[in-house]
Amino acid sequence: MNKPIHLIDIASTPAAERDYVGHLRMLCDELGVEHATYFSANPVSGTMYGFTTYPDEWKAHYVSEGLQTYDPTLHSAARSIAPVDWKRLQRDDDFGRVFHDAHDFGLPDQGVTVPIRGLFGETGLLCACATMAPREWGMLRREITGNLLSNAVHLHDTVMNSDPLLKALRQPNLSSREVEILQWVAAGKSQQDIGDILSISPRTVEVHLRSAREKLCTISTPQAVGRAVSLGLIQPG
């Protein structure tokens with residue numbers, strides 16, 4: 001049986017009480033990383049959102065130096081559909097410019113950025129980084145990618161749904177079978193398990209999952225589960 005997809009459910013928290021930075025800190029503890037950052041823009045209001053666990057001194061320096069205008073961990077990832085390991089960016093001159101400064105603040109240059117595609121074409125980004133040997137980071141990155149994907153889309157949708165108009169628009173029309181199968185996936189069941197439970201073939205399970213992923217504008221099943229949770233279609237596993 002697959003390991004259940006773990007989500008720290010902030011969608012059920014009243015908007016006035018939500019602490020997105022606190023959520024990122026909990027996510028860091030859960031995944032064993034040092035820092036996490038989330039960034040996106042609301043396509044309806046144009047509002048920019050940014051939350052990070054980085055220290056205030058680095059945030060002030062980052063903004064005052066305008067590093068966000070060319071930081072490849074943001075810009076390169078925004079053009080990708082898959083998670084971007086920062087190791088792929090190290091030959092980029094802009095990477096050197098950003099992380100030369102980051103090094104002075106004692107911050108890691110090993111990390112991964114997960115892009116999130118929203119229901120209205122918007123892009124969100126979730127970054128996680130850690131200080132450790134390259135081999136250890138590679139192992140950790142592979143271990144946590146699934147949870148990063150699901151938590152990224154869940155966090156993104158929670159932030160986007162804080163706008164009442166956007167929340168009203170974000171209701172994909174999933175079938176009852178698609179919802180049922182996503183709920184079983186969230187509980188940690190494999191496609192074979194779900195087929196046995198529902199008396200259908202694993203191939204039919206995959207057909208429903210593919211349809212659900214398309215309707216939810218996600219590229220993976222963990223992201224589809226995360227989005228379904230954030231939209232209140234299923235419960236966290």
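**Exercise 1. Determine how many disulfides the structure holds, and examine Cys 28 and Cys 127.**

Step 1. The structure holds 0 disulfides, a disulfide being a pair of cysteine sulfur atoms within 2.5 Å. Cys 28 takes part in no disulfide, since the nearest cysteine sulfur, that of Cys 129, is 7.6 Å away. The model is a predicted one, in which local features need pLDDT of at least 70 and side-chain atom pairs count only at pLDDT 80 or more, whereas totals for chains, interfaces and linings use all residues. Residues are numbered from 1 along each chain as its sequence is written, and side-chain values use heavy atoms, with hydrogens and water left out.

Step 2. For Cys 127 the closest cysteine sulfur is in Cys 129, and because the separation is 8.1 Å, it is too far for a bond.

Step 3. Cys 28 counts as buried because its relative accessibility is 5%, and Cys 127 counts as buried at 6%; buried means under 20% relative accessible area, exposed over 50%, and partly exposed in between, with a 1.4 Å probe and protein chains only.

**Exercise 2. Describe the largest cavity by its volume and its lining.**

Step 1. On a 1 Å grid over the protein atoms alone, a cavity is a set of points where a 1.4 Å probe fits but cannot get out, while a pocket is an open set with protein on both sides within 12 Å along at least five of seven lines, and lining residues have an atom within 4 Å of a point. Grid points are joined across faces, edges and corners, and a volume is the space filled by probe spheres set on the points. The count comes to 1 cavity of 30 Å³ or more, and the largest cavity has a volume of about 50 Å³.

Step 2. Among the residues lining the largest cavity are Ser 80, Pro 115, Arg 117, Cys 217 and Arg 227. Two or more lining residues come from each of β4 (111-117) and α10 (221-230), where helices (H or I, at least four residues) and strands (E, at least two) are DSSP runs numbered from the N terminus. The largest share, 3 residues, comes from β4.

**Exercise 3. Describe the largest pocket by its volume and its lining.**

Step 1. The largest pocket has a volume of about 580 Å³, and of the 27 residues that line it, Thr 37, Phe 39, Tyr 62, Gln 68 and Leu 74 lie nearest its centre.

Step 2. The elements that give two or more residues to this lining include β1 (35-41), α2 (56-64) and α4 (93-104).
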